[in-house]
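Here are my notes on this model, set out as numbered points for you to check against the coordinates. They begin with a loop and its surroundings and then turn to the charged pairs.

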Amino acid sequence: MSMRSETKMVPTRPVGIVPERDLDHCPVLEASHLGIEFGGLHAVDDFNLVIGKTEIAGLIGPNGAGKTTVFNLLTKVYQPTMGTILLNGRDTAGMNTIQVNQHGIARTFQNIRLFNNMSVEDNVRIGLHNQIKYGMFSGIFRLPTFWKNEKRQHEKAPDLLSILNRQDMADVPAGSLPYGAQRRLEIIRALATNPSLLLLDEPAAGMNPHETEELMQNIVKIRDQFQIAVLLIEHDMNLVMGICEGICVLNFGKIIAKGTAAEIQSNPTVIEAYLGKRKEG
């Protein structure tokens with residue numbers, strides 16, 4: 001089922017396409033000539049991508065194409081060896097992972113990374129900690145500022161859980177949740193950091209069709225409610241083509257195609273990358 005409205009994608013500067021509704025806003029992400037080299041191997045090379053302020057974008061490609069490496073570059077798990085990354089118009093050069101998160105990028109991972117022995121609510125509150133307004137002194141001595149912030153977090157966590165209907169599980173240990181619910185909790189925890197760009201790394205991995213359908217609805221709901229951009233890596237093409245407005249295809253660390261879902265589906269270079277070149281005769 002497609003949940004992607006027929007969004008008109010329009011050119012923007014620098015070279016890229018964004019939804020027409022985002023044209024008057026600064027792109028949330030501008031990656032220019034981005035790359036990284038490991039021992040002479042270009043894992044990602046000359047990667048260029050523009051994402052509109054409220055765009056749902058897809059990053060796809062065969063296994064080993066370099067997709068997760070791109071996420072690691074954007075979040076500064078790896079420092080790029082070339083190129084620039086602008087987040088809401090601000091150069092992220094020199095930032096570390098914590099600083100990039102504080103400036104607006106949050107992510108989930110291929111392998112779920114929850115604190116299994118902690119409650120669902122406490123996992124969300126960990127995400128809220130990047131917005132702490134008290135210092136170490138207040139924390140150690142439990143000054144009024146500390147308690148005020150703790151109260152605010154305790155009140156905000158159920159609100160975030162209610163977005164994906166998880167509020168009734170606030171006290172349940174995260175590790176006891178079903179797989180799909182753990183995936184949703186990881187997304188909520190990422191949202192707790194108040195991002196302007198949410199990176200989802202294979203969010204539908206291991207999900208059945210019903211859970212994937214629900215995930216699609218939730219991604220669109222999150223975009224609409226928070227007015228943020230989403231960039232997802234995904235192998236489920238029904239999900240990608242169903243909700244992504246702009247799609248970037250990566251192969252061997254290089255972009256081989258960019259465009260709308262319709263353009264990508266009919267692109268012969270993309271078809272060859274996924275299916276292999278048809279032999280003549």
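1. Val 77 sits in the loop that runs between α1 (67–74) and β6 (82–87). Please keep in mind, here and in every point below, that this is a predicted model. With a relative accessibility of 46%, Val 77 is classed as partly exposed, because that class covers the range between under 20%, which is buried, and over 50%, which is exposed.

2. Val 77 does not stand alone at the surface, since together with Phe 38 and Tyr 78 it forms a nonpolar patch there, and the accessible area of these three residues together comes to about 250 Å².

3. Turning to charged side chains, how many salt bridges does the structure hold? The count is seven, and the points that follow take up some of them. As general background, side chains of opposite charge can pair when their charged atoms come close.

4. One of these salt bridges joins the side chains of Arg 21 and Glu 245, with an N to O distance of 2.9 Å. Arg 21 belongs to the loop between β2 (16–19) and β3 (29–38), while Glu 245 belongs to the loop between α8 (237–243) and β11 (246–251), so this pair ties together parts that lie 224 residues apart in sequence. As for their surroundings, Arg 21 is partly exposed at 39% relative accessibility, whereas Glu 245, at 5%, counts as buried.

5. A further salt bridge is found between Asp 224 and Arg 223, whose closest N and O atoms are 2.7 Å apart. Here the acidic partner, Asp 224, is partly exposed, with a relative accessible area of 41%, whereas Arg 223 is buried at 11% relative accessibility. Through salt bridges that share partners, Arg 223 and Asp 224 are joined with Arg 21 and Glu 245 into one network, and I would therefore read this point together with the previous one.

6. Which parts of the chain does the salt bridge between Arg 184 and Glu 214 tie together? The side chains of these two residues meet with an N to O distance of 3.4 Å. Arg 184 lies in helix α6 (residues 179–191) and Glu 214 in helix α7 (residues 209–226), so the pair ties together parts that are 30 residues apart in sequence. Arg 184 counts as buried, at 10% relative accessibility, and Glu 214 as partly exposed, at 27%.

Definitions and conventions
Residues numbered from 1 in each chain as written. Predicted model: local features only at pLDDT ≥ 70, side-chain atom pairs only at ≥ 80, totals over all residues. Heavy atoms only, no water. Salt bridge = Lys/Arg side-chain N within 4 Å of Asp/Glu carboxyl O. Helix = DSSP H or I, 4+ residues; strand = E, 2+ residues; numbered from the N terminus. Buried < 20%, exposed > 50% of the residue type's maximum accessible area, 1.4 Å probe, protein only. Patch = residues over 30% accessible without salt bridge, like charges linked within 9 Å, V, L, I, M, F, W, Y side chains within 5 Å. Areas by Shrake-Rupley, 256 points an atom, 1.4 Å probe, with all protein chains shown as cover.
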